[in-house]
Amino acid sequence: MLTESEVHYLLEIYDAYTAGQEYVGPQYLATRLKVKRPTAYQMLQSLVKKGALHRVKGKYCITSIGLEMARRILRNHRIIETMLYRAGVDLETACRCASRIQNEVDDEVVEKLWEYLGNPDKCPHGRPIPQV
Ligand SMILES: [Zn+2]
C-alpha cells in the first residue's frame with residue numbers, strides 16, 4: 001500500500017513514462033513537483049522499497065508492479081470522478097474528491113461502479129480510464 005505522497009510521485013513518474021520518458025531522476029521530480037531534491041530522492045527510495053521502481057545507475061524506472069499500481073489508482077480516480085460528475089458535482093470538486101478516495105476504495109467497489117456507469121472508457125476530462 002502506498003502513502004498519499006508516494007502515489008503523487010508515482011503518478012508523475014507514470015505520466016513521464018507514458019510520454020516516452022522511461023527513466024527519471026530526483027532532479028526531474030523535484031522540478032516537476034516543486035519540492036527539494038533530497039525530498040524527491042527519499043520518495044524515490046521508498047518507491048523502490050515498495051517494488052514500484054527499479055534503480056539503474058542513479059536513474060529510476062517504473063516496474064511492472066509500479067505500472068499496475070499507477071493504472072489501478074488512475075482507474076479508481078477516473079471512475080469515481082465520472083460518477084460524481086454525472087451526479088452533478090462540478091469537475092474540479094469531483095477531481096479533488098476522487099483524489100482523496102482513489103487510494104482507499106476497494107477495487108471491487110470501483111468495478112461495480114464502472115459497470116453501473118455503463119463501462120465508460122474516458123473520464124470527464126477526456127482522459128482514458130486504464131484497464132488493469
Ligand atoms: Zn481528476
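Which residue in S3 stands opposite His54? The views below are of a predicted model, in which local features need pLDDT of at least 70, side-chain atom pairs count only at pLDDT 80 or more, and totals for chains, interfaces and linings use all residues. Residues are numbered from 1 along each chain as its sequence is written.

**View A. The hairpin of S2 and S3.** Opposite His54 stands Cys61 in S3, and Val56 stands opposite Lys59 of that strand. Strands S2 (residues 53-56) and S3 (residues 59-62) run antiparallel and are joined by four bridges; strands are DSSP runs (E, at least two residues) and helices likewise (H or I, at least four), numbered from the N terminus. The hairpin has two residues between its strands, and Lys57 in the turn has a positive phi of about 50°.

**View B. The open sheet.** Three strands are arranged in the order S1-S3-S2 with antiparallel pairing (two strands pair if DSSP finds at least two bridges between them). Strand S1 (23-24) and S2 stand at the edges with a single partner strand each, so one side of each lacks a neighbour in the sheet.

**View C. The packing of H2 and H3.** Helix H2 (residues 26-33) and helix H3 (residues 37-49) pack at about 115°, their axes 8 Å apart; axes are lines fitted to C-alpha atoms over the stretch in contact, and angles run from 0 to 180 degrees between N-to-C directions. Pro26, Gln27, Leu29, Ala30 and Leu33 of H2 meet Arg37, Ala40, Tyr41 and Leu44 of H3 (contact: C-beta atoms, placed from the backbone, within 7 Å).

Methods: Two residues are in contact if their C-beta atoms, placed from the backbone, lie within 7 Å.
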